[in-house]
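This report introduces a protein structure to a reader who meets it for the first time. It proceeds from the overall fold to the sheet and then to the charged side chains.

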Amino acid sequence: MNKFVLCVVLALSLLWTVPASAASTIFIVRHAEKVDESRDPLLSARGTQRAQSLAQHLRDAGIRKIFVTEFQRTALTARPLAELTQVALTPYAAKDSAKLATLLTSGAENALVVGHSNTVANIAAALGVKEVKAVADDEYDRLIVIHLNDGAAPVMTVLRY
């Protein structure tokens with residue numbers, strides 16, 4: 001084996017053994033539009049369309065975890081993406097965003113979190129993002145994207161879908 005080939009093999013073996021820094025992207029949305037104001041409503045026709053749109057927007061985002069609350073409107077919002085990507089829905093308690101933040105930062109996996117108007121900003125804050133604007137009661141199109149990197153402050157981008 002000549003020296004060049006030996007150097008290439010050695011360099012490649014070093015690349016395979018050096019751990020990559022843990023990085024993940026967390027996507028946070030409020031559930032889509034609901035059919036009424038009851039405690040646990042279904043999605044409206046507009047909400048079902050929005051859930052489909054979310055799935056199309058995030059289909060190539062490498063999402064490996066999908067978190068939904070105990071309310072069916074969050075699961076219905078996430079279901080089209082879950083079916084498209086074959087990722088199971090993982091429930092979390094709507095009132096426990098701090099515990100959810102621990103789950104999200106414990107691994108280097110991209111995740112979608114579907115919450116509520118009164119939890120979305122709390123989840124982002126629990127991930128270390130400063131100055132997150134509260135979600136209005138009539139706002140359903142905000143997509144918060146938070147990049148988490150070991151040893152660095154989280155970076156947030158707000159999009160609309």
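Two residues are in contact when heavy atoms of theirs lie within 4.5 Å. Among contacts in the protein chain between residues at least 6 apart in sequence, 62% join residues at least 24 apart. The model described here is predicted.

## Overall fold

The protein chain holds five helices and six strands. Read from the N terminus, its elements follow the order α-β-α-β-α-β-α-β-α-β-β. Of the 161 residues in the protein chain, 42% are buried.

## The sheet

The six strands form an open sheet of mixed pairing, in the order E3-E2-E4-E1-E5-E6. Strand E3 (89-91) and strand E6 stand at the edges; each has a single partner strand, so one side of each is left without a neighbour in the sheet. From one strand to the next, the twist averages 25°.

Strands E1 and E4 (residues 110-115) run parallel and are joined by five bridges. Within this pairing, Ile28 has Val113 of E4 as its bridge partner. Helix H3 (residues 72-85) packs on the sheet, where it touches E1, E2 (63-68), E3 and E4. The direction of H3 makes about 160° with that of E2.

## Salt bridges

The structure holds six salt bridges. The table lists three of them, each with the distance between the closest N and O atoms.

| Positive residue | Negative residue | Closest N and O atoms |
|---|---|---|
| Lys34 | Glu37 | 3.5 Å |
| Arg160 | Glu139 | 2.6 Å |
| Arg160 | Asp141 | 2.9 Å |

In the pair of Glu37 and Lys34, the partners differ in exposure. Glu37 is exposed, with a relative accessible area of 67%, whereas Lys34 is buried, with a relative accessible area of 19%. Lys34 counts as buried because its value is under 20%.

Arg160 takes part in two of the listed bridges, one with Glu139 and one with Asp141. Arg160 itself is partly exposed, at a relative accessible area of 47%. Its partner Glu139 is buried, at 10%, while Asp141 is partly exposed, at 25%.

The bridge between Arg160 and Glu139 has its closest N and O atoms 2.6 Å apart. This pair links distant parts of the chain, since Arg160 belongs to strand E6 (residues 155-160) and Glu139 to the loop between helix H5 (120-126) and strand E5 (142-149), 21 residues apart. The bridge from Arg160 to Asp141, at 2.9 Å, likewise links distant parts of the chain: Asp141 lies in the loop between H5 and E5, 19 residues from Arg160. Through shared partners, salt bridges join Glu139, Asp141, Arg142 and Arg160 into one network.

## A buried arginine without a salt bridge

What is the nearest side chain of opposite charge to Arg30, and how far away is it? Arg30 lies in strand E1 (residues 23-30). Arg30 is buried, and the nearest side chain of opposite charge is that of Asp137, 5.0 Å away. Arg30 has no salt bridge, because such a bridge requires a side-chain nitrogen of Lys or Arg within 4 Å of a carboxyl oxygen of Asp or Glu.

Backbone oxygens do approach the side chain of Arg30. The backbone oxygen of Glu139 lies 3.1 Å from a polar atom of this side chain, and that of Ala136 lies 3.3 Å from a polar atom of the side chain of Arg30. Glu139 thus appears twice in this account: its backbone oxygen lies by Arg30, and it forms a salt bridge with Arg160.

Technical notes. Residues numbered from 1 in each chain as written. Predicted model: local features only at pLDDT ≥ 70, side-chain atom pairs only at ≥ 80, totals over all residues. Heavy atoms only, no water. Helix = DSSP H or I, 4+ residues; strand = E, 2+ residues; numbered from the N terminus. Buried < 20%, exposed > 50% of the residue type's maximum accessible area, 1.4 Å probe, protein only. Lys, Arg positive; Asp, Glu negative; His and termini not counted. Polar contact = N/O pair within 3.5 Å; in protein donor to acceptor, adjacent residues only side chain to side chain. Pairing = 2+ DSSP bridges. Axes fitted to C-alpha atoms, helices over the stretch in contact; angles between N-to-C directions.
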